[in-house]
Every structure is written in structure tokens, then in C-alpha cells.
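Here is a short report on cysteines, aromatic contacts and one pocket. Look over the structure first, then read on.

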Amino acid sequence: MGLFSLRILFFISFFCLKPSIYALNSVKNPQEITVVGTGYVGLVLGTCLAEIGHKVTCCDVDFQKISSLQQGQIPIYEIGLEELVKKNFAQNRLFFTTSLENAVRESNVIFITVGTPETLSGEANLEYVFAVAKMIGENLRTFKTVFVKSTVPMGTVLKIKEVIGEHNTAKTPFSIGYAPEFLREGSSVHDFMHPDRVVIGAEDPQTSQLFTEIVQPILDDGAKICTTSIASAEMIKYASNSFLAVKISFINEIANFCEEIGADVEEVALGIGLDKRIGQSFLKPGPGYGGSCFPKDTLAFLKTAQKNGVDLSIIEAAVGSNNRRCDKILLRLESALGSLEGKKIALLGLAFKELTDDVRESPSLKMIEKLQEKKAFVTSFDPIASTNALKFFPNLAIASTLYEVFRECDAIVVATPWSLFTQIDWKKVKEVSKASVVFDTRNILDRKEIEQAGFFYIGIGKRG
Ligand code: UDX
Ligand code: UDX
């Protein structure tokens, strides 16, 4: 049932998104573009730029990744991406290479999308963006425009400009801009084609004009363009992610309060979100925010603010609240189950959210770590993220089918809101499992159905 449901989910999602993706016009003046860093962001960016008509070369230091892509194998799960990669590759608009030198020389526009992972102290690691800047400088022979897309702390884009300049011994003129990325994993192709806004920070009008022309089909489709200074664009990226993180921590704390006084956080979120000034989105309570951006970007934002002598106490509180989230969840599980020592927990979902195989900073992985500290035994199931989770927990027990995970467990915890989990037949689960408790940390299940099947249901921000 697992795989079957996943396929249905894939086809529904893909075909719902597909028509609007293909509705975009092609760009009037196609550019020769190099995208450096073919990760989650770079691959989607490069593919979508090719889809709107540009000639794009995606470049990466990872030889295996590039050779797989050349054979049409996509290294990540992202709805709609595989078809676009294959189509644009076949139509000679999308290329893959490990040769940054050639890719730089043959393009007139370069996007930097290498990662900026967190260092041990919480700052953004800029070694990769600077390494790319050095290579660009060394290979500048004709005028080029460099757009930085990697999330970087305020002031970094001008440092990248300096590094390019230092290695540009040929003294070839170039320009630089910052174009922050707002794609959400799981819907990033759709988000690229239909964003609310596109932000471009530049020092001169020609650079922002070039960017506007590159994404014109997206603007024609209704996206707003926000042209700013480089410093403002850098700030917009961190402030946007931090604001959303604050919203999530806010609703999680309201959920804690609801649990104490018998209110229902979903009714509360609806009631407050219907006020247009607040809005409905990002008010889903859960096990805390994860992923490759919010945890890393909020920390880097705090570090940069600290260096500049600025107090970001609201964001600091949101980060602290998110860090405590997993303990709060396990405390609730303990209050229903007693000591977790020796207990068998069926953990549903490993990805940091639905529709992705990404487990970076996933709340599920934090739960596994804490459950193991408490000497509980975890068996997990995820439709697509198990392979990535095994890189962090090589000995993690993974059930081969959804119903397999329930065997012999004492409690069931839903950690990722995969729609597949909403189709579980709880009466059937009762037959194969001795579990008494179902903890729905994403509030996606039907409480009545679970109680009728004989389980004790716990949701977030509601009693019981
Ligand atoms: C992106 C952004 O670039 C990052 O700044 C943002 O905060 C999150 O999204 P992402 O695409 O998720 O990062 O990163 P990842 O999937 O790790 O991909 C980075 C790619 O860059 C990898 O494929 C890596 O091999 C490549 N890389 C890294 C290079 O090609 N050159 C380098 O020097 C370093
Ligand atoms: C985020 C930003 O949304 C995107 O603009 C930026 O480019 C990258 O970071 P992403 O990390 O892919 O995107 O996922 P997102 O949908 O924002 O979710 C992040 C985390 O917050 C997930 O763990 C998700 O489950 C959680 N979340 C989100 C909640 O707990 N409640 C919500 O209401 C929304």
C-alpha cells in the first residue's frame, strides 16, 4: 500500500502543478548561464532557467552527481524535476559538467548556488562560495555578471566581489548581484515558476535589469519584482526565513498553552489566521521546524547580528523554543506511556517535512537521538527518506512496508506529515500491533477513527 499510495500522491501532485508550470512563455533574450553547485537549489534553478529558454550549464565538484545527471538520474526527490531535467537535456538547453573553468568561460551569466552549511559555532561556512569566487576570478576573459544565490550573511556578496577581483589578473570587467532564493523543497519547481516575489539586490541598474530580463516569463505571470541594494537583499533573505521560523515557534508555544487549558490549537490558528494581517500560513504546530534552511539561517542571522552589536531577541527566543520542542514532545509521550526505557516506538516519517527525501535537521532524527538516549527502541518507516536517514543512523531499524513498522511496538509517533499516513487503516493496525498510544505530532490523523480502533490519541495543542 505504501508505494502505491506514494505513486498516487506523486501523480496527483505532479499533474495538479504541471499545467501552470508549462503555461509560462519563453524568455525573449536567452542567456548562456552557468550555475555553480548542483544541489537542491542549483539543480532546480538551472533546470527551470533552461525550461524558460536559457542555455544552462550546471556545474558541480561532485563527479558522481554530474555523471548520474548526464545519464538522466536525478539525485533528489522533487516533484516535476525529473521530467524537466530530461526534457531540457534532450533539447540541448541543459548541460552538466565538473569543469568550472570551461563553464565560466562559455557563459555570460554565473549563478553561485553552492551550500553555506553551519559551522560548529553556528556561523555560515563561506569557504565554498569563496572557492568558487576565486575560480571565477581566475577564468574571467569577457564581461560577466555573477548572481549569488547561496544564503550568505550580510556583507558577504561584496567580499565575494573582492575575491573575484583579487584573482581577476586579466582585469576583465564584471558585475555582481544578490538574488536570494525562496524555494521550498517539495514544491520548488512550482515555487520557481510562480513565486510571490523575486528579489534582486545590485549595485547598478544594468545588473538588476539583466536579472529582470532573465526571469521575465515569471514576472509576466504575475510575480512582483523587488529591486534593492545588495545589503537589503541579503537582509531580506535572512529576515524572511527568520520571520517564518518565529511564526512556527509562536504557534508551537500557543499549542503548549492550549494543551494546558483545553483549547484546540487548530481552532485557534484558524481564528487568528483569518485576520489578513496575520494570515493562515506557517501556523501549523508540530515537532519544530527542520530542513536545510530555517535552523541554519536563524543561527547564522543571530551570529551576524551579534557581531554587529545588534539584539535579535525575538529570533533568539524562537530558536530556543524550537530547540526545546523535541523534549516537550517526548515528555508528552512519557506522560502517556510511562518510562520510555525498553519501549518500542514506531516512528512514521524521517524527512523533515512531506514531499521531500531530505532529512537535514529533521525533527524525526532529533526524536530518534533522544529516544535512543532514553533507551527506547525505534523502528521507522518513510516512503522515500530512509536511505538519507541511514547516513546519520546506520543502525536504524527500517520497516520495509508501512504495516511492518507497527509490529510489536508500544507506541506510534507520526513525525512527518506524509498524506500516506492519513490513509492508514487503524483497525488493521490494531490487529498487528500491541501499541496503546498514537501520537500525531503533525495533527494530520482522524482522532475519532483512531480512538474507535482502540488507541489512545495524542495530538498537538489539544487535550488527550
Ligand atoms: C542551497 C544554498 O546554496 C544554500 O546557501 C542555502 O542556504 C540552502 O540551499 P543546497 O542546494 O540545499 O544549498 O545545498 P546542497 O544540496 O548541499 O548543494 C550544494 C552543492 O554544491 C553540492 O552538490 C556540492 O557538491 C556543490 N559544491 C560545493 C560545489 O560544486 N563546489 C564547492 O566548492 C562546494
Ligand atoms: C524554507 C522556506 O520556506 C523557503 O522560502 C526557503 O527558500 C528555504 O527554507 P523549506 O525548508 O523547504 O523552505 O520548507 P518549509 O516548507 O518552509 O518548512 C520548513 C520547516 O518548518 C519544516 O520542518 C516544516 O515541517 C516546518 N513547518 C512549516 C511547520 O512546522 N509549520 C508550518 O506551519 C510550516
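## Cysteines

The count of disulfides in this predicted model is zero. A disulfide is a covalent bond between two cysteine sulfur atoms. A pair counts here if the sulfurs lie within 2.5 Å.

Take Cys293. The closest cysteine sulfur belongs to Cys48, and it is 16 Å from the sulfur of Cys293, so the two are too far apart for a bond. Cys293 has 28% relative accessibility and therefore counts as partly exposed.

Cys326 is in no disulfide either. Its nearest cysteine sulfur is that of Cys409, 18 Å away. Is Cys326 buried or exposed? At 6% relative accessibility, Cys326 counts as buried.

## Aromatic pairs

How many aromatic pairs does the whole structure hold? The search finds 10. Such a pair is described by the distance between ring centres and the angle between ring planes.

One pair joins Phe147 and Phe211. The ring centres are 5.2 Å apart. The planes of Phe147 and Phe211 stand at 65 degrees, and the cut-off for edge-to-face is over 60, so this pair is edge-to-face. Phe147 sits in strand β5, residues 144–148. Phe211 sits in helix α9, residues 205–214. The two are 64 residues apart, so the contact links distant parts of the chain. Both Phe147 and Phe211 are buried.

Ring pairs also build a cluster. Its members are Tyr403, Phe406, Trp426 and Phe455.

## Charges over rings

Tyr403, a member of that cluster, also has a charged partner: Lys428 lies over the face of its ring. The distance from Lys428 to the ring centre is 4.1 Å.

Arg197 is placed in the same way over Phe182, lying over the face of the ring. Here the distance to the ring centre is 3.6 Å.

## The second largest pocket

This pocket has a volume of about 270 Å³. Its lining holds 13 residues. Which of them lie nearest the centre? They are Glu361, Ser362, Leu365, Lys366 and Glu369.

Two helices, α14 (313–337) and α15 (363–373), each supply at least two lining residues. The largest share comes from α15, with five residues. By type, the lining of the second largest pocket divides into six charged, five nonpolar and two polar residues.

How values were computed. Residues are numbered from 1 along each chain as its sequence is written. Chains are lettered from A and ligands numbered from 1 in the order in which they are written. This is a predicted model: local features need pLDDT of at least 70, side-chain atom pairs count only at pLDDT 80 or more; totals for chains, interfaces and linings use all residues. Side-chain values use heavy atoms; hydrogens and water are left out. Rings of Phe, Tyr and Trp (its six-membered ring) pair if their centres lie within 6.5 Å; planes under 30 degrees apart count as stacked, over 60 as edge-to-face and the rest as tilted. Helices (H or I, at least four residues) and strands (E, at least two) are DSSP runs, numbered from the N terminus. Buried means under 20% relative accessible area, exposed over 50%, partly exposed in between (1.4 Å probe, protein chains only). A charge sits over a ring if NZ of Lys or CZ of Arg is within 6 Å of the ring centre and within 35 degrees of the ring normal. On a 1 Å grid over the protein atoms alone, a cavity is a set of points where a 1.4 Å probe fits but cannot get out, and a pocket is an open set with protein on both sides within 12 Å along at least five of seven lines; lining residues have an atom within 4 Å of a point. Grid points are joined across faces, edges and corners, and a volume is the space filled by probe spheres set on the points. Ala, Val, Leu, Ile, Met, Phe, Trp, Tyr, Cys and Pro count as nonpolar, Asp, Glu, Lys and Arg as charged, and the others, Gly among them, as polar.
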